[in-house]
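Me: I would like to go through a protein structure slowly, one question at a time, and I would like each reply to show how its result is reached.

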Amino acid sequence: MSSQELVTLNVGGKVYTTRVSTIKQFPASRLARMLDGKDQEFKTVADQIFVDRDGILFSFILDFLRTQQLLLPTDFSDYFRLQREAVFYELDSLVDLLNQELLHAKPVLLEVHFLCRNTQAFFRIFGSCSKTIEMLTEKITVFLEQPSWSTNSLPQMTLLPLPPQRPSYHDLVFQCGSLSTSDNQTGIRYVSIKPDNRKLANGANVLGLLMDTLLKEGFRLVSTRTASSEDKMECYIFERMKTPQALAVNKTLNPETTIIPEQAQNRK
């Protein structure tokens with residue numbers, strides 16, 4: 001295969017090499033037209049066509065060009081952003097397929113299991129979308145109170161930050177409150193949830209802050225139940241729809257094509 005049959009693209013720092021014929025699968029698209037070098041959005045640098053767009057999402061764009069099929073991971077949730085990229089590249093067929101996915105998108109479900117026992121509180125969060133669990137993992141920090149020794153040999157308490165435990169991609173575990181260490185010393189675990197800077201040890205307070213965080217992330221509480229009557233473990237079930245609310249029909253495209261309003265203005 002000659003070098004003239006290949007093209008290399010640097011999309012937001014991610015480098016992709018593919019056939020020229022792959023890029024030209026949809027001749028009316030902006031990607032196909034970029035090969036003539038007349039579109040100012042695309043710059044050629046060191047034999048690579050640079051595109052200042054999302055490089056990770058472009059992998060799905062390129063897969064669609066190669067197969068003309070929309071195949072996404074089971075926990076994919078960035079339909080809104082991928083649709084925006086499809087609009088930018090003027091891939092109307094991909095926009096239509098994404099509309100179908102959006103219409104049938106299942107909600108993101110989240111279960112918060114809460115157990116308060118004596119002075120300790122245990123939390124376990126299960127999510128149908130691993131990216132939601134990753135988002136919470138980045139927000140939640142557990143601080144373990146530990147003694148340290150100063151130069152005058154007097155003990156001082158320091159807080160050691162720890163991430164929540166991740167038993168799997170779809171759940172995380174953490175706890176707060178007083179606990180006994182191996183040397184029979186009592187320590188305290190505090191929990192902080194960004195952007196709130198407080199460090200909370202009381203389980204009920206942590207639960208309240210966690211629920212407030214989920215509500216701000218677009219979740220809604222749909223039900224509560226007792227997960228374990230023996231341990232009196234409480235279970236709170238949240239739901240968030242994947243389908244974005246702000247969608248509008250652009251009459252200049254296919255009548256069934258729905259795109260983002262601000263992108264529609266850019267296309268006029």
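Me: Is arginine 53 buried, exposed or partly exposed?
Reply: This is a predicted model, so the reply describes a prediction. The relative accessible area of arginine 53 is 22%. Buried requires a value under 20% and exposed a value over 50%, so arginine 53, at 22%, is partly exposed.

Me: Which residue forms a salt bridge with arginine 53, and which parts of the chain does the pair tie together?
Reply: The closest N and O atoms of the salt bridge between arginine 53 and glutamate 85 are 2.9 Å apart, and glutamate 85 is buried, with a relative accessible area of 3%. Arginine 53 sits in the loop between E4 and H3 while glutamate 85 belongs to helix H4, so the bridge ties together parts that lie 32 residues apart in sequence. The partner is therefore glutamate 85, and the parts are helix H4 and the loop between E4 and H3.

Me: How many residues apart in sequence are the parts that arginine 225 and glutamate 111 tie together?
Reply: Arginine 225 and glutamate 111 form a salt bridge whose closest N and O atoms are 3.6 Å apart. Arginine 225 is partly exposed at 41% relative accessible area, and glutamate 111 is also partly exposed, at 25%. Since arginine 225 lies in strand E12 (residues 220-228) and glutamate 111 in strand E5 (residues 108-117), the pair ties together parts whose separation in sequence is 114 residues.

Me: Which residues are linked with Asp78 in a network of salt bridges?
Reply: A search of the whole structure finds twelve salt bridges, and one of these joins aspartate 78 to arginine 81, with the closest N and O atoms 3.1 Å apart. Aspartate 78 counts as buried at 19% relative accessibility, whereas arginine 81 counts as partly exposed at 31%. The network that contains Asp78 also links Asp54, Arg81 and Lys131.

Me: Which helix gives the largest share of the largest nonpolar core?
Reply: The largest nonpolar core has 32 residues, and those with the most contacts inside it are Leu9, Leu31, Phe58, Ile61 and Tyr89. Among the elements that give two or more residues to this core are strand E1 (6-11), helix H2 (30-34), helix H3 (55-67) and helix H5 (92-103). With seven residues, the largest share comes from H3.

Me: Which residues does leucine 31 touch, not counting residues up to four places away in sequence?
Reply: Leu31 is one of the residues with the most contacts inside the largest nonpolar core. Once residues up to four places away in sequence are set aside, the residues that leucine 31 touches are Leu9, Ile23, Phe58, Ile61, Leu65, Tyr89 and Leu91.

Me: Why is helix H6 described as largely enclosed by the rest of the structure?
Reply: Helix H6 covers residues 130-139, and the description rests on how many of its ten residues are buried. The buried ones are Ser130, Thr132, Ile133, Met135, Leu136, Thr137 and Lys139. Helix H6 is largely enclosed because the number of its ten residues that are buried is seven.

Me: Why does cysteine 176 form no bond with the closest cysteine sulfur?
Reply: Cysteine 176 is buried, with a relative accessible area of 1%, and the closest cysteine sulfur belongs to cysteine 116. A disulfide needs two sulfur atoms within 2.5 Å, and the structure holds zero disulfides. The sulfur of cysteine 176 is too far from that of cysteine 116 for a bond, because the distance is 7.9 Å.

Me: Where is the cis peptide bond that has an omega of about 5°?
Reply: One of its two residues, proline 195, is found in the loop between strand E11 (186-193) and helix H7 (203-216). The bond with omega of about 5° joins lysine 194 and proline 195.

Me: Over which residues does pLDDT stay under 50?
Reply: The mean pLDDT of the chain is 81, and 79% of its residues reach 70 or more. Where pLDDT is low, the predicted coordinates should not be read in detail. The model has 45 contacts beyond four places in sequence for the stretch where pLDDT stays under 50, which is residues 243-268.

Technical notes. Residues are numbered from 1 along each chain as its sequence is written. This is a predicted model: local features need pLDDT of at least 70, side-chain atom pairs count only at pLDDT 80 or more; totals for chains, interfaces and linings use all residues. Side-chain values use heavy atoms; hydrogens and water are left out. Buried means under 20% relative accessible area, exposed over 50%, partly exposed in between (1.4 Å probe, protein chains only). pLDDT is the predictor's confidence in each residue, from 0 to 100. Contact means heavy atoms within 4.5 Å. Helices (H or I, at least four residues) and strands (E, at least two) are DSSP runs, numbered from the N terminus. A nonpolar core is a set of buried Ala, Val, Leu, Ile, Met, Phe, Trp, Tyr and Cys residues joined through side-chain atoms within 4.5 Å. A salt bridge is a side-chain nitrogen of Lys or Arg within 4 Å of a carboxyl oxygen of Asp or Glu.
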